[in-house]
Amino acid sequence: MGYPVHELTLETLDWHPYVAPVDLQQATPEQLDALKVTPSNTKVSAYLLVLAQDAEILAERTPLYNDIMYSRGGLSRAERELGALAASVVNRCIYCASVHANRYITLSKRPGVVETIYREGADAELPPRDQAIFDYGVKLTRAPGSIDAEDLAALREVGLSDLEILDLTHAVSIFGWANRLMHTLGEARRQD
């Protein structure tokens with residue numbers, strides 16, 4: 001078993017739960033049904049097996065996650081990942097930050113944006129559209145009650161439509177929640 005990781009990294013990490021995940025061989029029909037709607041439909045992570053302890057919630061959570069991160073139209077997938085990365089950097093969710101940073105790089109082909117964020121943190125200086133998206137994600141994560149019309153105007157100034165702003169808000173918000181779950185239920189570790 002690898003050791004815990006506390007610094008931002010692009011390494012592929014494991015997530016190790018503090019509580020027992022569901023054993024697939026002993027899962028109930030409800031738990032198996034809830035696990036069928038994972039994002040990739042190919043792998044069931046330890047995180048999802050922990051969430052499967054409450055099959056009813058997992059059955060609601062995963063379709064919502066899939067719609068927010070993978071639906072067509074609206075904000076690009078890369079920019080949804082940038083919003084999720086902002087939440088994960090602010091919340092210091094090392095596992096999620098690694099996942100979203102790598103997905104952003106794969107989708108955008110722009111590793112420099114992530115390098116700057118990893119080097120400068122929440123105060124990173126980025127190209128204008130990236131900056132507006134990242135700043136909104138940071139502010140929404142730090143103090144959601146402080147978001148106001150000026151924050152939305154800053155996003156519109158760099159070309160985001162209202163649908164894209166809504167998509168960004170969903171992506172940042174669901175990862176604010178997911179980061180807290182991951183911190184509470186386990187920790188990021190280096191792979192063996």
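**Exercise 1. Work out why Cys 96 forms no bond with the closest cysteine sulfur.**

*Step 1.* Start with the distance: the sulfur of Cys 96 lies 3.3 Å from that of Cys 93, the closest cysteine sulfur, and this is too far for a bond.

*Step 2.* Compare with the cut-off: a disulfide is a pair of cysteine sulfur atoms within 2.5 Å. The structure holds 0 disulfides, and Cys 93 is in none, with the sulfur of Cys 96 as its nearest cysteine sulfur.

*Step 3.* Look at the surroundings. Cys 96 is buried, at a relative accessible area of 3%, and Cys 93 also counts as buried, at 3%. (Buried means under 20% relative accessible area, exposed over 50%, and partly exposed in between, with a 1.4 Å probe and protein chains only.)

A note before you go on: this is a predicted model, in which local features need pLDDT of at least 70 and side-chain atom pairs count only at pLDDT 80 or more, while totals for chains, interfaces and linings use all residues. Residues are numbered from 1 along each chain as its sequence is written, and side-chain values use heavy atoms, leaving out hydrogens and water.

**Exercise 2. Find the partners of the ring of Tyr 65, and describe how each is placed.**

*Step 1.* Recall the rule: rings of Phe, Tyr and Trp (its six-membered ring) pair if their centres lie within 6.5 Å; planes under 30 degrees apart are stacked, over 60 edge-to-face, and the rest tilted. The whole structure has 3 aromatic pairs.

*Step 2.* Take Tyr 70: its ring centre is 6.0 Å from that of Tyr 65 and the planes meet at 75 degrees, so the pair is edge-to-face. Tyr 65 is buried at 7% relative accessible area, whereas Tyr 70 is partly exposed at 27%.

*Step 3.* Now take Phe 175, which forms an edge-to-face pair with Tyr 65, at 5.7 Å centre to centre and 70 degrees between the planes. Tyr 65 belongs to helix α3 (residues 55-70) and Phe 175 to helix α9, so this pair ties together parts 110 residues apart in sequence. (Helices, H or I of at least four residues, and strands, E of at least two, are DSSP runs numbered from the N terminus.) Phe 175 is buried too, at 5% relative accessibility.

*Step 4.* Put the rings together: Tyr 65, Tyr 70 and Phe 175 are linked into a cluster by ring pairs.

*Step 5.* Add a charge: the charged end of Arg 61 sits over the Tyr 65 ring, 4.8 Å from its centre. (This requires NZ of Lys or CZ of Arg within 6 Å of the ring centre and within 35 degrees of the ring normal.)
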